[in-house]
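Okay, thanks for making time, everyone. I'd like to walk you through one model today, starting with charged pairs and then moving on to a few helices. Let me put it up on the screen.

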Amino acid sequence: MQGSGTALTTAVLTRVTDDIWIADDAPISAAGLVLPVRMTVIRLSNRDLVLHSPVRYSPALRDELEHIGPIKYLLAPNVGHWTFLPEWQRQLPQATTFAARGLSARKQVREAGLRIDRELGDTTPEEWSAELETIAVNAPMFSEVEIFDKRSRTLILTDLVQNLDSHQLPPSSQTAAGLLGIIKPDGKAPAYLRLLLRLGGRSVQAAAERLVSLAPERVVFAHGDWFEAGATEQLRRSLRWLLPTGAEGAAPRPMAGKRVVITGASSGIGRAAALAFARAGASVALAARRGEILTRLAAECEALGGGALAIPTDVTDAEAVQRLARQAEDAFGGIDVWINNAGTGVFGAYQDADLALHRRTVEVNLLGTMNGAFAVLPIFLRQNRGILINNISLGGWAPTPFAAAYTASKFGLRGFTASLRQELGARPNIHVCGVFPAMVDTPGFVHGANMSGKKLDPGPLLYQSEDVAQAFLNLVRAPRDEVAVGWPARAGQAAYAVAPKLTEKLLGGAFRFLLSRAQRAPISEGSMIKASAPGTSVDGGWLARKHLPPAGVISQGLAVLGLAAGVVLLASAVARPRRQIGTRRRRA
């Protein structure tokens, strides 16, 4: 968002609900397009004010705001809406400044001297969680934080929807706005932003589904006529380009009635799975060590329409896992799906890590899964049906150097899963499934131990937690023995099966080379022994920091290019004999 000079604002406040106001300011010029701009003001129950995308500062506007309540929070909701914040921050140095992910790394922001106190991921700040919910929309080179006021059911967006009145635009901007697709009544995100958002993969699609599922009564955004009535249907229409096929109408509930237990649910793949199953109508029992985080996640799942139960559990404690199974069965009347997802690891030379960390890796990954199976199989046998899903890893097919204990646990976990499947072969309605994801962008790198003394970098080809969650959903619909998430997982399996010695040599050499070039980093046990606060989001932020699309999107793009190349080659091969025949006829 670019300002049009440094003039003071002429905006005045207009009340939307008891605790929400808007301030429409003079238009700005954005790449030659004249855009109206709007700030949204939210008053919390303690009277603190949140200024969402502040417009130009003026003493008069500040005085008007302070009659409502003290200005406590300034929010830059995406990578463009921060231009006017420095002046507000200079005038209100005590205010806390929140921002969308990636803003603090931008050169323009640093040069402007804007102080960012905290970047927001996909978990709501504790200061707001009683009344507000934040939803992150992250794509390559773009990030936006949406806010839902639970009290008034008001959704506050920024650029995800723009809905301009062409009659209020100068002629020079009308054509451009029409080409960008931001003219009312069916305004959308501008065309260039839609392209970036499509590169965001399943996480952006899941965010769009989440926004529609909130069923807002009104939707306010920064540019254009906001939705005052029929907001949910108007929002669905504006986001139809992003919603999955068949989701333009009422949200489907394919998992309605399903009762699902998920371990390792507080972040990463487990969190994504919890939200995905709840969105599909299932009741979910959430297990992890961090109880407060689980409680907030359970509330999000319930808001999506699924029943939810938060049960703090350490999967290495067999009795605690038994309690988890009993509580879930008592609450839901049975268990249909049990997902053993909790996992951890220690990275570095085997002898450099304390043996306790290696033991902990095996206890969580292998024994934790065995504890889960031991707790739920009697329930499945009584019911004569059920689906057990063990989240294993590419590391269960091909050994990973500098992760010996992790590899041992995953090789053992694949064997354990296969053995159970054999035992239950006479029970056709009880399924034991193994899932083998390739590298996934999760907070797992924060939670695991790093004894290498080098900065970890999982590389550019990263899948999303939502990709693995979708694999879980697919297995519930159609159970299979083993499923890979991402072609690198299958490629690793095939390579190790065909040429194990060569595969080991190549992987070992590659890891040693990368470690020799990596930057220094502090040695850390992560949260292996003791649960820690960091890392509560679905993703680990790796794709956002690298400004890369997820591997699933890259793979789809390569597949389309490959198909197109094949069609061209086929057409060329068909045309060549025709040209030769024509040449021979002319010569004759």
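Before anything else, one term: when I say salt bridge, I mean a side-chain nitrogen of Lys or Arg within 4 Å of a carboxyl oxygen of Asp or Glu. And please keep in mind that this is a predicted model. By that salt-bridge rule, the count comes to 27.

So how good is the confidence? The mean pLDDT of the chain is 91, and 91% of the residues reach 70 or more. The stretch to be wary of is residues 2-6, where the pLDDT is below 50. That stretch still has twelve contacts in the model beyond its near neighbours in sequence.

Right, on to the salt bridges. Take Arg-151 and Glu-131: their side chains meet in one, at 3.3 Å from N to O. Where do Arg-151 and Glu-131 sit in the chain? Arg-151 is in the loop between β9 (142-149) and β10 (154-156), while Glu-131 is in the loop between β7 (118-120) and β8, so we have a link between distant parts of the chain, 20 residues apart. As for burial, Arg-151 is partly exposed, with a relative accessible area of 35%, whereas Glu-131 is buried at 9%.

Next one: Asp-19 pairs with Arg-43, and the closest N and O atoms are 2.9 Å apart. Here Asp-19 lies in the loop between β1 (13-17) and β2 (20-30), and Arg-43 belongs to strand β3 (residues 33-43), 24 residues apart. Arg-43 has a relative accessibility of 17%, and that counts as buried.

The third pair is Lys-184 with Asp-225, at 2.7 Å from N to O. Again this connects distant parts of the chain: Lys-184 is in the loop between α4 (171-180) and α5 (191-198), Asp-225 in the loop between β11 (218-220) and α7 (231-238), 41 residues apart. Lys-184 is partly exposed at 34%, and Asp-225 also counts as partly exposed, at 28%.

Now, which residues end up joined into one network through shared partners? They are Asp-19, Arg-43, Glu-131, Asp-149 and Arg-151. So two of the pairs I just showed you, Asp-19 with Arg-43 and Arg-151 with Glu-131, turn up in there.

Okay, helices. Let's start with α9, residues 291-303. This helix has 13 residues and spans 19 Å from first C-alpha to last, close to the 18 Å expected at 1.5 Å a residue. Its buried residues are Ile-293, Leu-294, Leu-297, Ala-298, Glu-300 and Cys-301. Those cover an arc of only 160° around the axis, which puts them on the same side of α9. That spacing fits the general picture: an α-helix has 3.6 residues a turn, so residues three or four places apart point the same way. What covers the buried residues of α9 includes β8 (132-139), α6 (202-213), α8 (268-279), β13 (283-288) and β14 (308-312). And just after α9, Gly-305 takes a positive phi of about 110°.

Further along there's α15, residues 487-498, with twelve residues and a reach of 16 Å, close to the 16 Å expected. Which residues of α15 are buried? Pro-488, Ala-489, Gly-492 and Tyr-496. They span an arc of only 105° around the axis, and that puts them on the same side of α15. On the other side, Ala-497 and Val-498 are exposed. The buried residues pack against several elements, among them α12 (404-423), β18 (430-437) and α16 (500-517).

That brings us to α16 itself, which has 18 residues and reaches 26 Å, close to the 26 Å expected. Thr-503, Gly-508 and Leu-515 are its buried residues. Their arc is only 120° around the axis, so they sit on the same side of α16. The face turned away from that carries exposed Lys-505, Leu-506, Ser-516 and Arg-517. And the buried residues of α16 pack against β16 (346-347) and α15.

Last stop: Asn-365, in helix α11 (residues 355-383). Buried or exposed, what do we call Asn-365? It's buried, with a relative accessible area of 0%. The Asn-365 side chain has a polar contact of 3.0 Å with the side chain of Ser-409. Setting aside neighbours within four places in sequence, Asn-365 also has contacts that include Ala-342, Thr-344, Tyr-406 and Leu-413.

That's my tour, so over to you for questions.

Methods: Residues are numbered from 1 along each chain as its sequence is written. This is a predicted model: local features need pLDDT of at least 70, side-chain atom pairs count only at pLDDT 80 or more; totals for chains, interfaces and linings use all residues. Side-chain values use heavy atoms; hydrogens and water are left out. Helices (H or I, at least four residues) and strands (E, at least two) are DSSP runs, numbered from the N terminus. The expected span of a helix is 1.5 Å times one less than its number of residues. Buried means under 20% relative accessible area, exposed over 50%, partly exposed in between (1.4 Å probe, protein chains only). The arc is that of the directions from the helix axis to the C-beta atoms. Contact means heavy atoms within 4.5 Å. A polar contact is a pair of N or O atoms within 3.5 Å; within protein, one must be able to donate a hydrogen and the other to accept it, and residues adjacent in sequence count only if both atoms are side-chain atoms. pLDDT is the predictor's confidence in each residue, from 0 to 100.
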